[in-house]
Every structure is written in structure tokens, then in C-alpha cells.
Amino acid sequence: MENVKLKTAEMAAIEGTGKGMRAPLQRKIRRQAAQILKKVLTGDEQRKSQASIKTLIYAPNIVAKKATLALTCRCLKYLGVIKDIVGGTDLLAKKNKLPAELVYVLTCDMLFGQELLSSGDTENVVLSRKSALQSALVRLLVKKHVTSVEELVATQGQEMSIPRYVRVNTLKIPRWEAIKSLQEISDSVKEDDLIPDLLILPAGTDLHKHPFVLDGSLLLQGKASCMPAPVLAPKPGWEVIDACSAPGNKTVHLAALMKGKGRIHACEVDSKRVLRLRDTVSRAGASNVKIHHGDFLKIDPSKSPFSKVQGILLDPSCSGSGTVVQRLDHLLPSSTAGTEKDDAEIHRVEQLAQFQERALLHALSFPAVERVVYSTCSLHQRENEDVVKAVLPHARGFRLATALPKWPHRGLPVFYGAHHLVRTDPSRDHMDGFFVALFVRKKDGDSEDEVTLVPVQDVPSNGETKASISSPQSGKPVAVENPEAGKLSKLRRRKLKRQRKKEQAAAEGPAKEASS
């Protein structure tokens with residue numbers, strides 16, 4: 001059977017997969033891909049948080065990154081087919097003692113990529129089974145009632161593609177200069193109609209080595225990730241907190257919006273992520289950012305300079321369920337295993353949501369704060385609308401304001417006021433899934449938005465992204481009396497009060513400094 005080569009939209013965007021490469025380099029690339037494949041498949045199987053495929057690819061020790069990324073993506077995309085094909089041979093028999101992931105990579109390259117050369121022991125074994133692998137592929141085509149590999153691949157899932165978004169760092173260069181430079185490498189450079197200074201290029205455009213990216217003049221930042229900073233809309237000269245700051249893209253976005261004036265307290269508790277935050281801030285030239293290596297929850301709002309903080313951006317740890325496309329997690333087996341979440345994932349999301357509620361309540365406790373943005377890169381209702389709904393009854397003196405009024409897709413209709421919230425969806429909006437809520441301090445004359453929150457309708461968790469409102473609702477929310485809701489609210493308040501006492505007791509003991 002003649003070697004079949006596939007050219008999908010995704011792989012066409014990632015060129016340089018190894019044509020004309022010398023055998024030693026091809027061998028290195030295949031083993032790198034096999035190592036990455038093993039890491040992501042192990043983490044996916046155990047439902048453990050892991051570095052994204054792209055993070056693993058762009059590690060300093062990886063050579064020929066573009067070719068390694070292309071091969072890894074191709075293997076993951078066709079993994080189900082490859083496993084069926086390999087399963088029809090004795091390649092993974094115990095007597096052969098071959099690493100499964102490397103066998104998958106070599107089989108993928110031989111059948112769907114480039115010619116497999118004899119460049120190692122494992123390559124030789126796989127090459128000796130070439131006829132058996134090709135026969136297994138033919139049997140699979142017949143079994144699936146298709147006549148080509150293209151049709152077989154089409155049954156594996158829908159192609160997902162997101163444009164290359166890049167934000168101009170106006171602390172360093174004006175927008176026109178960035179556009180002029182990017183037009184030299186792409187025929188299509190568009191300005192986004194919602195986020196100022198955000199540019200759009202074709203999917204797969206590789207800018208990692210562009211000089212403006214390397215010096216911090218351009219930031220490779222998704223559109224959804226660019227939403228929270230303009231929603232907070234800090235004024236030049238403000239005192240601002242970015243509560244969970246690393247890797248720092250939103251931090252330096254705030255700095256640009258503030259024109260480098262005022263001060264941004266960038267909090268990060270993880271020491272490794274602090275290093276990346278420092279690098280981002282330094283490259284961006286954000287001189288008004290002060291990095292605090294410590295826990296945002298341990299900051300005392302009554303002490304200077306935090307007692308003067310006017311704006312807080314809270315983008316806390318979350319499940320990351322909205323970033324599956326950018327992270328390439330949609331290629332992992334778990335993404336096609338069904339929509340039901342297992343018990344471990346449900347427990348994880350619940351633990352995250354409880355932390356998010358505590359963090360949001362803490363943000364709203366700062367005495368001078370005027371605006372608080374809560375955002376996540378999650379699609380789960382429990383981390384989004386449910387967190388806002390739980391906190392609102394205790395957010396005395398604050399109301400929800402409409403974030404990004406021009407954005408058409410709003411929050412899930414689980415409580416009155418959800419029309420103020422912003423939701424994005426990867427498949428619908430061609431960007432990461434994101435959620436944004438804006439709390440503003442009430443002023444004299446503001447409409448009363450504090451009502452007893454009663455569900456408008458229950459939205460099933462496995463269908464929550466289907467039910468978002470397409471346009472903002474009109475009319476003032478109506479207060480609804482519900483004694484049971486009042487009881488639940490009291491219980492929640494008591495629980496949160498006990499939690500705060502525990503945190504205060506812990507804070508009185510030996511602890512790290514809140515700033516570095």
C-alpha cells in the first residue's frame with residue numbers, strides 16, 4: 001500500500017515537519033514527541049493537572065520545536081486510529097519490550113507523515129512490521145465502511161481552529177508600527193473591533209521568534225484573555241491589585257491602560273511562577289508594577305498601601321476548561337470520552353469554586369476599591385455564575401455592572417442580573433472559553449441591584465454552555481421573597497465566617513512576607 005500523507009488545516013498551519021532532515025535529527029524529533037506524548041497521556045488518564053502540550057514543546061531542551069509540535073499533534077489527533085492499527089500487530093507484545101508511545105509516533109510518521117528511515121532499534125522493528133501495519137489500516141477502513149484515510153480521520157472529531165491573536169504593548173510601540181511590521185510576514189492583519197490594540201492574524205501564524213515578541217512590544221495573548229483588563233478600566237494614577245498575576249499578560253495590559261502611571265500590585269504565591277511574572281513585566285517595560293511574592297488572601301485591606309486600592313483584577317486558579325483548544329487539550333482522549341464529569345473532576349471543581357468565592361469576598365472587602373473584575377478561563381457554571389451568585393448577597397455596597405456592553409453573549413440565566421456577565425465559547429466565538437463579571441461600588445443615585453437571589457432556571461452542568469443568553473436582558477430585576485433562600489444564605493454566611501476565622505488564625509502564625 002502506498003504511503004498516505006494527510007494535509008489537514010491544522011497541520012498545514014504547522015509546516016516544517018521534517019522533509020529533508022537528516023536521520024539523526026528525525027530520530028531526535030520522534031523521541032521528543034514520544035516523551036511529550038507519554039506525559040500528556042499519563043496526566044490525561046489520571047485526570048491530573050499538567051503542563052500544556054505547547055508548554056512542553058517550548059521547553060528550552062526541545063530542539064526543532066515546530067517539527068516536534070506538528071508530529072505530536074498529528075499523533076494525538078490520529079491516536080485512536082493508530083492504536084487500532086498497532087493492536088492488529090505484535091509490536092507491543094511483552095517480548096519486544098518497545099515503548100508504546102514511541103511505537104505510536106513511528107507508526108504515525110510511517111503511515112501518515114514522512115518516510116521512516118532505519119535510524120534506531122525501534123525504527124527497525126517497526127519497519128519490519130510495515131506490511132502488517134498497512135494491512136491493519138486497510139482492515140480498519142473496511143470495518144469503518146470508508147474508502148480513504150481522510151474519511152477515517154473525519155470520523156475522529158471536528159477540526160478546531162483559533163486565529164492568532166497578538167496584543168500591541170503600547171508602553172513600547174504604537175499600534176501602526178506593529179501593524180506595519182506584521183504585514184511584512186502576513187497578508188492578513190486585522191484590528192479587533194472589541195479590544196483596542198488587539199490584532200488578528202491567520203491561525204497557525206508562528207510569531208514566537210518575531211523580534212517584537214522577543215522584546216515585549218507584542219504579546220501573544222488570546223482575545224478572551226484580553227477582556228478583563230479593559231473591563232476593569234483602571235485610570236492612570238490608580239492604585240490597582242492583580243490578585244493572581246502570573247504569567248503577567250493581564251498585569252502588563254493593565255499597565256498599558258494606565259499609561260505606566262499609578263501602581264499595580266501583582267500578587268503571586270508560587271515561586272516558579274513569580275520568575276515568569278518578573279520576566280513578563282521586565283520585557284513589557286511595565287515600570288509601575290510592584291511584584292508581591294505572597295498570598296493575596298493574606299493581604300490586610302486596612303493597611304497602606306492596600307487601603308487605597310481602587311481597582312482589583314481577580315483571575316484566580318480555575319479548572320481551565322475553556323482553554324482546551326489553545327492548550328491543544330481537545331486532542332487528548334478525555335476530550336472525546338463524553339461530557340460527563342467523573343467524581344474526581346466534580347470534587348476538584350467544587351474545591352476551586354470555594355476558593356474562588358473566598359478570594360472574591362476578600363477583593364470586595366478593600367475599603368477604597370471602586371471596581372472589581374472576577375474572571376476565569378472556565379466553562380463550568382460552578383466556577384462562574386454560581387460564584388457570583390453566592391457572593392452577591394454579601395457584597396454590600398456593590399452592584400453588578402454590564403461588562404463589555406457590545407459583546408452579545410451573556411451569562412447563563414441562573415439568577416436575575418446574569419445579563420451583566422460575559423461568556424465566550426471556543427466553538428462559537430473562535431477563542432478560549434472565558435467568563436467575566438464586573439462589580440462596582442454603589443454611588444448615590446445608582447439603581448438598587450441587591451435582591452434576594454433565586455434561580456430563574458436550573459441549567460444542567462453538562463449543557464451549561466448551550467444556554468447562554470444571546471443578548472442582554474432588559475428591565476430592572478425584581479426582588480423575590482423566599483424564606484428557604486434566606487436560610488441558605490445564613491448558613492453560607494456562617495460557613496464563610498468560620499473559614500475567615502481559620503484563615504486569620506493561620507495568618508497570625510509564621511508566614512511568608514506578602515511582598516518581595
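Colleague: Before we start, what counts as a salt bridge?

Modeller: Remember that we're looking at a predicted model. In general, side chains of opposite charge can pair when their charged atoms come close. The cut-off here puts a side-chain nitrogen of Lys or Arg and a carboxyl oxygen of Asp or Glu within 4 Å.

Colleague: Okay, so which residues are linked with Arg30 in a network of salt bridges?

Modeller: A search of the whole structure turns up 18 salt bridges. In the network you're asking about, Arg30 is linked with Arg74 and Asp109.

Colleague: Which helix holds the salt-bridge partner of glutamate 191?

Modeller: Glutamate 191 sits in strand β2, and its side chain meets that of arginine 175 at 3.4 Å, N to O. The two are 16 residues apart, so the pair links distant parts of the chain. Glutamate 191 has 47% relative accessibility and arginine 175 has 34%, so both count as partly exposed. The partner's helix is α10.

Colleague: And arginine 382 with glutamate 357, how many residues apart are the parts they tie together?

Modeller: These two form a salt bridge, with the closest N and O atoms 3.1 Å apart. Both arginine 382 and glutamate 357 are buried. Arginine 382 lies in the loop between β9 and α16, while glutamate 357 belongs to helix α15, so the pair ties together parts whose separation in sequence is 25 residues.

Colleague: In the salt bridge of arginine 273 and glutamate 268, which residue is buried?

Modeller: Their side chains meet at 3.7 Å, N to O. Arginine 273 has a relative accessible area of 38%, so it is partly exposed. With a relative accessible area of 7%, the buried residue is glutamate 268.

Colleague: Let's turn to helix α7. Within what arc do its buried residues fall?

Modeller: The buried residues of α7 are Thr122, Glu123 and Val126. Look down the helix axis and they line one face. On the other side, Asp121 and Ser128 are exposed. The arc for the buried ones is 100 degrees.

Colleague: Last one: are α5 and α8 roughly parallel or oblique to each other?

Modeller: The helices pack with their axes 8 Å apart, and their crossing is right-handed. Val81, Asp84, Ile85 and Val86 of α5 make the contact with Leu133, Ala136, Leu137 and Leu140 of α8. The angle is about 120 degrees, and the two helices are therefore oblique.

Methods. Residues numbered from 1 in each chain as written. Predicted model: local features only at pLDDT ≥ 70, side-chain atom pairs only at ≥ 80, totals over all residues. Heavy atoms only, no water. Buried < 20%, exposed > 50% of the residue type's maximum accessible area, 1.4 Å probe, protein only. Helix = DSSP H or I, 4+ residues; strand = E, 2+ residues; numbered from the N terminus. Arc of directions from axis to C-beta. Axes fitted to C-alpha atoms, helices over the stretch in contact; angles between N-to-C directions. Parallel < 35°, antiparallel > 145°, perpendicular 65-115°, else oblique. Left-handed = near helix turned anticlockwise from the far one by under 90°. Contact = heavy atoms within 4.5 Å.
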